[in-house]
Amino acid sequence: MENKTILVTGGTAGIGLETAKTLAVQGSTVIVTGRDEEKLRRVSTQSGIQAFRCDSGNPADITALAEQLKQADITLDGLVLNAGVFFPQPIGEISADDIKHTFAINAAGPLLTLQSLLPLLKNPASVVMVSSVVLDKTWPSTVVYTASKAALEAIASVASVELAGRGIRINTVRPGVTLTEIQAKAGMSEDDIAALAEGLSSTPLGRALVADDLVPAITFLLSDGSLPMRNAVMTVDGGVRL
Ligand SMILES: NC(=O)c1ccc[n+]([C@@H]2O[C@H](COP(=O)([O-])OP(=O)(O)OC[C@H]3O[C@@H](n4cnc5c(N)ncnc54)[C@H](OP(=O)(O)O)[C@@H]3O)[C@@H](O)[C@H]2O)c1
């Protein structure tokens, strides 16, 4: 891909990390955000990647990130709003705080990040939302997560219209089940994860996705080749919804 400056939120693990590494190898200047200082330090040792601590669920962190980038005279060709969390729970067990926490990171965080980084986005610029296949296929115990991703996609559609005049395009990738840290963070045991992977052998792809499988769709949406695409949704799920 052309040499660009791209910021990836949640770029210290999983899909965000693989995207950041690929972009850097392709010659882009890459900025990642994350929460864990140790992970941030590890990522920033990779050439072409700068790492900033920013909790996507914390508006003050987001404002501070924008200020740091502005002070460093950084402007952006692309923004991947990827940071996200998944905590499966049956409806009967969800608390108001659970809803608030997931929405703060998966929906409000991306919107506030887009808002804060708006002055730094070039014309043209590409924003990629990382949503989920849960909007194509329904699983129980995912209501909070699914609602948060529906909110994220609603943000993408309104912003696509509202920011078009600034040369900003917004498109979405919906990953299917991808083996990353997210399953362990969700409280799944190794056996649970192995059973999940085994269950995916009956999909058209015949296996679970890995983070690398998502990278081509995301990098395409960041590239000039996607210039005419507005509020497009690319589902990369190995056919699990079929
Ligand atoms: N894996 C799947 O099956 C799947 C399927 C559909 C959609 N997705 C979506 O894909 C995106 C990436 O998921 P993944 O599977 O790559 O997960 P992952 O391996 O857990 O990586 C998530 C990344 O986001 C960061 N992050 C989480 N909460 C954050 C916060 N509040 N502020 C800043 N950074 C934060 C994580 O940092 P820490 O490690 O420090 O928490 C990590 O760098 C998410 O939006 C997820 O909803 C994943």
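The side chain of S28 reaches the backbone nitrogen of K4 at 3.3 Å, a polar contact in the sense of a pair of N or O atoms within 3.5 Å, where within protein one atom must be able to donate a hydrogen and the other to accept it, and residues adjacent in sequence count only if both atoms are side-chain atoms. The model is predicted, with local features needing pLDDT of at least 70 and side-chain atom pairs counting only at pLDDT 80 or more, while totals for chains, interfaces and linings use all residues. Residues are numbered from 1 along each chain as its sequence is written, and side-chain values use heavy atoms, with hydrogens and water left out.

S28 is found in the loop between α1 and β2; helices (H or I, at least four residues) and strands (E, at least two) are DSSP runs numbered from the N terminus. With a relative accessible area of 4%, S28 is buried. Buried stands for under 20% relative accessible area, exposed for over 50%, and partly exposed for values in between (1.4 Å probe, protein chains only).

## Helices α2 and α3

Helix α3 covers residues 59-71, and its 13 residues should span 18 Å at 1.5 Å a residue; the end C-alpha atoms are 19 Å apart, which agrees. The expected span is 1.5 Å times one less than the number of residues. D61, I62, L65, A66 and L69 are the buried residues in α3. Seen down the helix axis, these buried residues fall within an arc of 140 degrees, so they line one face of α3. The arc is taken from the directions from the helix axis to the C-beta atoms. An α-helix has 3.6 residues a turn, so residues three or four places apart point the same way.

A60, K70 and Q71 are exposed on the other side of α3. The cover over the buried residues of α3 includes β1 (5-8), β2 (29-34), β3 (49-53) and α4 (96-117), where contact means heavy atoms within 4.5 Å.

In helix α2 (residues 37-44), the buried residues are K39, L40 and V43. They cover an arc of only 100 degrees around the axis, which puts them on the same side of α2. R41 and R42 are exposed on the other side of α2. Packing against the buried residues of α2 are α1, β2, β3 and α6.

Both helices have a side-chain oxygen placed by a backbone nitrogen at the start. N58 caps the N-terminal end of α3, with a side-chain oxygen 2.9 Å from the backbone nitrogen of A60. At the start of α2, a side-chain oxygen of D36 reaches to within 3.0 Å of the backbone nitrogen of E38.

## Two buried residues and their contacts

T33 lies in strand β2 and counts as buried at 1% relative accessibility. Apart from neighbours within four places in sequence, T33 is in contact with L7, V8, T9, G10, G11, T12, L40, F52, C54 and L65. Of these partners, L40 is one of the buried residues of α2, and L65 is one of those of α3.

A83 lies in the loop between β4 (76-81) and α4. At 15% relative accessibility, A83 counts as buried. Neighbours within four places in sequence aside, the contacts of A83 are T9, G10, S56, I105 and N106. A83 and Q183 are 100 residues apart in sequence and 15 Å apart in space, C-alpha to C-alpha.

## Largest pocket

The largest pocket has a volume of about 1000 Å³. Of the 45 residues lining this pocket, G84, V85, F86, T180 and I182 are the closest to its centre. The elements that give two or more residues to the lining are α1 (14-25), β2, α4, α5 (143-162) and α6 (182-185).

On a 1 Å grid over the protein atoms alone, a pocket is an open set of points where a 1.4 Å probe fits, with protein on both sides within 12 Å along at least five of seven lines, and lining residues have an atom within 4 Å of a point. Grid points are joined across faces, edges and corners, and the volume is the space filled by probe spheres set on the points.

## Backbone geometry

Most residues other than glycine have a negative phi, and most peptide bonds are trans. The table gives two residues with positive phi.

| Residue | Phi | Location | Relative accessibility |
|---|---|---|---|
| D73 | near 60 degrees | loop between α3 and β4 | 70%, exposed |
| N231 | near 55 degrees | loop between α8 (215-222) and β9 (233-236) | 30%, partly exposed |

D73 follows α3. The peptide bond from N123 to P124 is cis, with omega near 5 degrees, and P124 lies in strand β5 (residues 121-130).
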